[in-house]
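Biologist: I would be grateful for a close look at a single chain of this assembly. Please describe how that chain is organised, how its strands pair, and how it meets its neighbour.

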Amino acid sequence: MSTAARVEARDVALAFGKTEVLRDISIVVEPGEFFTLLGPSGCGKSTLLRLIAGFNRAQRGAILIDGRDVTAVPPWKRELGMVFQSYALWPHLTVAQNVAFGLEERRLPRDEIRRKTRDALGLVGLGELSERRPHQLSGGQQQRVALARTLAIEPRVLLLDEPLSNLDAKLRVHMRHELGQLQRRLGITTIFVTHDQEEALTTSDRVAVMHQGVIQQVGTPMDLFDRPANRFVAEFVGTINVVSGTLQKSIGASVLFVSPQASSFSLPRTEEMPGHGAVTLAFRPHSLTLAETAGGGTRVWLDAVIEAREFLGEFVRYRVRVGGAELIADQMHFGGAPVYAPGKRVQVGLDPAQIKIFPEEAEATVAPARAAAGSA
Amino acid sequence: MSSRASAPQIAVALLIAAFLAAFLVVPVLTVVYVAVTNPDGSLTLAHFAAFFELSLMRESFWNSLYVAGLTVLFSTVVALPLAYLTVRFQFRGAILIQTLGVLPLVMPAFVGAAAMQLLFGRSGTVNLLLQDWFGINIPLMQGLNGVIFVETLHYFPFILLNVSVALANIDTAMEEAAQNLGASGFRLFRRIVFPLARPGYVAGASLVFIKVFDDLGTPLVLNVTNMLAPQAYLRVTSIGIEDPIGYVICFILVGFSIAAMAGAAGFLRGREFATLQRGGAGAPRRTLTRWQAAIAYGWIGLVLLLVLSPHLGLLLLSFSKVWSYTLIPESFTLANYATVFTDSTRMIWNTLVYCGLAALLDVVLGTAIAYLVLRTKVPGRQILDHLATVALAMPGVVLGIGYLRTFRGVDLPFTDTPLVASWVVFVLAYSVRRLPYALRSCTAALQQVHVSLEEAAQNLGASQGRTIHRIVVPMMAGGIAAGFVTSFVTAAVEISETILLTSRESLAPMSYGIYLYMQSIAGRGPGAALGVIAVIVVAVGTYFSHRFVAARAAHQERRG
């Protein structure tokens, strides 16, 4: 494999007609990194990938590969391998002919084409299917052929456009694991597009969360989960409870939170807490504790009623009502753990250290400047 | 929908089968049979031997192959870039190209041929200009060149339309994957785009080949007789209905037509070309660079000019007093139209009657066959469908000769008039050959009527017959109307059967009139005038046919 490349998008903006699809995007993907663009459909992630591949042309900004500006270079000269969501295997060619295509376009000697084709198919474990036609293969096999076809040309960067979305759930988990292993073995810079946060968190070195054409946050999977930059990221990555309200004046070392939905309670004052005003509190379901009676410690205890219960094996997911708000509380499950029936009155314990506080306007506006800082 | 076929259903199916057997299967088989038997009924290849011993026949055979082959080639050259351009690129000329796709089909090739002679012939407008400016003369209309030129301009839309549809169905990621792996420009087209669009291309190209190979009118109007179809016509009309060589030619025409259709079908079978896959979202169309756009518009302009030239030429000719050895006619007149309306009203009337009755018969048969196939369990119902469709591949010359041979000595019931010397034979011949168009239209219409609508009627007490009458046919009305119009307009400009079956002038339809007028220099003006009328009829008909289909689609939309 050729040495891994560094990919950079610099202040890229693109609009289709009046629809702004990408708004001043800047990202840097380090050599050998597994980098994921994560976001809901329509957020611009595929467009950004296609821009890097050369299929779209941005109105502003530049794409750089190893520092070289390739913005004006056509797709067929970029040496970037792309795997398409639909695989785009050519039905009129056999598996081997599909894989050999890029090598033939590079005018390699015949025996080298044969050897590299064999190697690429071997890499994805499909050596014996080389004479089949694409439609004779299963979805997973087609996916591997698409991967082999791309890897055969030893691209400087691997671009993956939702490559797993057409597989069934079980195969998807398997392929995602295989993809990650292959990438680490080859050490190839990889940019992966997905709307599935689980896929993003499990495979990536770093993830960029996109929404409405703007990068919301760039960071490691754990960063995103533990320190979401805004409410969108908090809600999109993992499951989270959100309560709106206002922070009122400090009383000593604590602040009073007043919510029209839930009851009011005081929180210990921290440095990153915004002064006062409208805020959103966000906390993960598993950071909540349920108990018959309020416990002590640093937790804030609130009155609650169990509304519903789902048993998920490793844990039990409760829907509890606190005042006007409905919260999700995940409780670890093990033999002998307490179980609460719907309708039961309980106490919910919030750990203040696990609560993230976003200013209310963070929901509406998006903050590219902050996201860029986060990527450093 | 009952689970078994009812007696009335079977009766209707048998009636249709009898009709198709009598007026399609038997005439064609008769022709084939005569070609391979001695008068005493024993099998022989002697007629074929005799055919290939005649140098004129060998020449005609090769000429027909040559003309059909080159027409396919040139049609491809014209159509492929246009199809690729419209489907894949951001392009303002899309409406122009769509116009290009319909314009030629509105005018039958043999009608425009004479006008093309005046524009592109040895002393036509273009060559007069070239002679003046550069001292050169391009033999565009000389002999076989003329046939190829006229047929190409007429038939390339078949390839354009088929390839456009095929291209539109290809997942654009297929092309992007190739670009991503290093392919671009013509290599991309040759290695990926064209192979993926090949099913559409094969369908279009085989159709062009058959149509040209079987065409009688265009070579005759251009005075080219050393081709197969004209030879068949000349043998049968000059030497006689007994001459076996004519039947050998028919055998070859049928053989090639069926082989081309079967070959195309065989090519398409067993191939996985369902290329529009899940997730294959439409990528934005590519943009043309300034240079590419200039070339594209230039190409479209040139083709549009050529496509319009027979229309313009015909119009000029129809208003001309004299037109020869000059760029445009020297003086203009309305006399040609006056001539046509005094001398040829009978022909126009004949066309309206023949084609109206044939189209009526077609939609009745088409609706019945569509209903039998889609809604009943009558055994062998698919055979009716296939038989009716096969008529598409049957050359008019063959059917015409087949009628003359099969029905000689057969009188119309209750009269002394031989069938082949009556107006009835036109209705029968037209309806059989245009049935595929009406059938396709009716089938499409019926497919859009949900079975539950019929079941609801039956649930409320309507018998099957009443249900068809009150629910099915009214709901299919748009499709039936479109089928009627298509059958009508294509029959109105049919020439091969027409030439063979016209036994006396009082029975001749308009298309025969155009052909007859075009035979003489003096007749060209009135011929062109009659041609203009025919083109207007076809254009108006085509417009309404599209309107019916569009109205139905809108209706479906509202209901949906």
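Modeller: What follows is an account of chain A, from its overall build to its strands, its core and its contact with chain B.

The model is a predicted one. Within it, chain A holds 9 helices and 20 strands. Its C-alpha trace extends over about 75 × 50 × 35 Å along the principal axes. Chain A has 376 residues, of which 43% count as buried. When contacts in chain A between residues at least 6 apart in sequence are considered, 67% of them link residues at least 24 apart.

The chain is divided into two parts, domain 1 (7-233) and domain 2 (239-362). Taken over C-alpha atoms, the centres of these two domains of chain A are separated by 40 Å.

Domain 1 begins at residue 7, and strand S1 of chain A covers residues 7-16. S1(A) runs antiparallel to strand S4 (residues 60-65) of chain A, and 5 bridges join the two. Within this pairing, A:Arg10 has A:Ala62 of S4(A) as its bridge partner. S4(A) also pairs with strand S5 (residues 68-69) of chain A, again in the antiparallel sense, through 2 bridges. Here A:Leu64 faces A:Asp69 of S5(A). The two strands S4(A) and S5(A) make up a hairpin with 2 residues between them. In its turn, A:Asp66 adopts a positive phi of about 50°.

The packing of nonpolar residues may be taken next. In soluble globular proteins, nonpolar side chains tend to be buried together. The largest nonpolar core in this model comprises 271 residues, and those with the most contacts inside it are A:Ile52, A:Val348, B:Cys250, B:Leu253 and B:Ala534. Both domain 1 and domain 2 of chain A contribute at least three residues to this core. The surroundings of A:Val348 can be given in detail: leaving aside residues up to four places away in sequence, A:Val348 touches A:Leu288, A:Leu290, A:Trp301, A:Leu302, A:Ala304, A:Val320, A:Val322, A:Leu327 and A:Ala329.

There remains the contact with the neighbouring chain. In this interface, 23 residues of chain A are in contact with 23 residues of chain B. On the chain B side, helix H8 (172-180) and helix H9 (185-214) each provide at least two of the touching residues. The largest share, 7 residues, belongs to H8(B). Sorted by class, the side of chain B that touches chain A consists of 11 nonpolar, 8 polar and 4 charged residues.

Methods. Residues numbered from 1 in each chain as written. Chains lettered and ligands numbered in written order. Predicted model: local features only at pLDDT ≥ 70, side-chain atom pairs only at ≥ 80, totals over all residues. Helix = DSSP H or I, 4+ residues; strand = E, 2+ residues; numbered from the N terminus. Buried ≥ 20, exposed ≤ 12 C-beta atoms within 10 Å, placed from the backbone. Contact = placed C-beta atoms within 7 Å. Nonpolar A, V, L, I, M, F, W, Y, C, P; charged D, E, K, R; others polar. Domains from an automatic or database assignment. Pairing = 2+ DSSP bridges. Core = buried A, V, L, I, M, F, W, Y, C linked by C-beta atoms within 7 Å.
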